[in-house]
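Here is a short tour of the model shown below. Keep the structure open as you read, and follow along from the hairpins to the core.

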Amino acid sequence: MPVIPAWLVRSNFDDPRRIPYLLVWKDERDDVIKEAVRLARYVDTHDSNAIHNHVELKRPDGSFTVLRIVWRMLPRNGGRVLLLVCSYCRAPRRHVYGWEWDSFSGWSNRVRQICWQCRSCARLRYSSEGGYLRPGTLFRALGNLPRPESWLPYVFTSIDDPRLDELLHQNRPYRGGDARQEA
């Protein structure tokens, strides 16, 4: 699942240039860009304090989500952590996800795009929940399948970044507009 961690939003807030970031998720198996988002501070013309506590996530199709951020104190040494407030349940979270499980498809591995929400609201499960047991007694001795790694985005802070040219000039089209995608 495309995930936006709170630490990435914090790095955008800490950037002295105050510029938007481009986040791109590419499927490494077939080199297809599955998701792209513009991450920027949200400026509300009606509330002068909104720039300090909101972030906007905008997709290429024009859809966007505005997330509130909150700062929480850490238990030791006076540190603090930035958390993203889920747009659905309003709970502070360390990550938000842009896809949810597609329960209408009848498949357990189908997902669809949503506004950015926490894992629970997007009806996602950890890969370790109900781990997949390999069929047959021979394969069970090998254990469960390995846990998949987090799908973090490529982060671009400049349009002059040569990695962006490399990523965008591939022969395969962007498929971000598909209503359903396979996980």
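β4 and β5 form a hairpin with five residues between them, and glycine 62 in the turn has a positive phi of about 95°. Strands here are DSSP E runs of at least two residues and helices are H or I runs of at least four, numbered from the N terminus. This is a predicted model, in which local features need pLDDT of at least 70, side-chain atom pairs count only at pLDDT 80 or more, and totals for chains, interfaces and linings use all residues. Residues are numbered from 1 along each chain as its sequence is written, and side-chain values use heavy atoms, with hydrogens and water left out.

A second hairpin joins β5 and β6. Two strands pair if DSSP finds at least two bridges between them.

| Hairpin | Between strands | Turn residue, phi |
|---|---|---|
| β4 and β5 | five residues | glycine 62, about 95° |
| β5 and β6 | six residues | asparagine 77, about 60° |

β4 and β5 pair in the antiparallel sense over five bridges, with glutamate 56 opposite valine 66. β5 and β6 are also antiparallel, over five bridges, and there methionine 73 faces arginine 80.

Now to the helix. In α1, the buried residues (under 20% relative accessible area, 1.4 Å probe, protein chains only) are Ala6, Leu8, Val9, Asn12 and Phe13. They fall within an arc of 160° seen down the axis of α1, so they line one face of the helix; the arc is that of the directions from the helix axis to the C-beta atoms.

Beyond its neighbours within four places in sequence, valine 9 contacts (heavy atoms within 4.5 Å) Ile4, Leu39, Val55, Ile69, Leu82 and Leu84.

Methods: Buried means under 20% relative accessible area, exposed over 50%, partly exposed in between (1.4 Å probe, protein chains only).
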